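New to this one? Have a look at the sequence and the model first, and then we'll walk through it together.

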Amino acid sequence: MRGAQRFSVGSLWLCGFFFLEFASGDMSKTIEDLKREAGEAAAAYVVSGMVVGLGTGSTAVHAVRAIGRMLQNGRLHNIVGIPTSEETRREAERLGIPLTNFDENPTIDITIDGMDEIDPEFNLIKGLGAALLREKIVATASKQMIVVGDDRKLVDKLGTRAPVPVEVIPFARQPVAAYLKSLGSRPVLRLERETGQPVITDENNIILDCWFDGGLDNPVAMGQAIRSQPGVVEHGLFFNLATRAVVAAPAGIQILER
Ligand code: 5RP
């Protein structure tokens, strides 16, 4: 059964690449156009009455804004959201999206979130927006997770274009960095572009971005190894969480299903 599932996802993947290469689309679209198209297409999966996980990042924000507009114009009602970051909380409040929490709603109907990489088995790298911890908690509590992005995020192998972000307790920075090196990665402390100071997450931790030359041959085993080190809070490898991917390319939108 699992093999059959893998095959079907792989086939879609090949079709996707074929489609992108040969369909004649609007090549004048910017990356920002593609992000907006992906986010808005994913928002169409939200129906009235749902508890919605609100993702973080420059693509997911378009889904959040589309949900806000649909609430305002009456196409959606009775929606409550759980934001995956303080940044998204502020945006949802600005848009008038009612918010909830896990005490009131332990189960989320649908989450729409961004991605940094997705492989043919729907494994993800997330966290370049520093929200990976809350994002993984929200995704794990969700019946469905739709990931959104432009076609640059499709990879054959995780770790080939993005690092694996690892959220770490500040006290443990040195021993965790040494451990991550021993696993074959190059960990880099993430810094704020403007100030040069370490990025501090919503849970007051730091992030070590781990680069793997040639990508990850066995992401599941690497995820387990990373998690086993004291001081590691979470990593940005997401397995068995995404159920659908909405991918925007100049040639059009692809919907990939696991
Ligand atoms: C934040 C994330 C983002 O969803 C991911 O980095 C994609 O962001 P963007 O759509 O801006 O490329 O995981 O922690």
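Sorted by class, the shell around the ligand is made up of 6 nonpolar, 9 polar and 4 charged residues. This is a predicted model, by the way. Of the 19 residues around the ligand, the ones that come nearest are Gly57, Ser58, Thr59, Gly114 and Gly129. Strand 3 (108-114) and helix 5 (132-140) are the elements that give two or more residues to that shell.

Now for the domains. The domain assignment splits the protein into domain 1 (4-155 + 239-257) and domain 2 (164-233). Taken over C-alpha atoms, their centres are 24 Å apart. Where they touch, 12 residues come from domain 1 and 12 residues from domain 2. On the domain 1 side of this contact, helix 5 gives the most, with 3 residues. That side has 7 nonpolar, 3 polar and 2 charged residues.

Here are the two class counts next to each other:

| Set of residues | Nonpolar | Polar | Charged |
|---|---|---|---|
| Shell around the ligand | 6 residues | 9 residues | 4 residues |
| Side of domain 1 that touches domain 2 | 7 residues | 3 residues | 2 residues |

On to the inside. In soluble globular proteins, nonpolar side chains tend to be buried together. Here the largest nonpolar core has 66 residues, and those that touch the most other members are Ala42, Ala63, Ile67, Val147, Val148, Val166 and Ala242. Helix 3 (residues 60-72) provides the largest share of this core, 7 residues. The core also reaches into both domains, drawing at least three residues from each of domain 1 and domain 2.

Helix 3 deserves a slower look. Which of its residues are buried? They are Ala60, Val61, His62, Ala63, Val64, Ala66, Ile67, Gly68 and Leu71. These buried residues pack against helix 2 (31-43), strand 1 (51-54), helix 4 (86-95), strand 3 and strand 6 (142-150).

Ala63 gives a close-up of that packing. Leaving out residues up to four places away in sequence, Ala63 touches Gly39, Ala42, Ala43, Gly55, Ile112 and Val148. Two of these partners, Ala42 and Val148, are also listed with Ala63 among the core residues that touch the most other members.

How does the span of helix 3 work out? At 1.5 Å a residue, its 13 residues should span 18 Å, because the expected span counts one less than the number of residues. The end C-alpha atoms of helix 3 are 19 Å apart, which agrees. Just after helix 3, Gly74 takes a positive phi of about 85 degrees.

Conventions
Residues numbered from 1 in each chain as written. Predicted model: local features only at pLDDT ≥ 70, side-chain atom pairs only at ≥ 80, totals over all residues. Near = placed C-beta within 6 Å. Helix = DSSP H or I, 4+ residues; strand = E, 2+ residues; numbered from the N terminus. Nonpolar A, V, L, I, M, F, W, Y, C, P; charged D, E, K, R; others polar. Core = buried A, V, L, I, M, F, W, Y, C linked by C-beta atoms within 7 Å. Buried ≥ 20, exposed ≤ 12 C-beta atoms within 10 Å, placed from the backbone. Domains from an automatic or database assignment. Contact = placed C-beta atoms within 7 Å.
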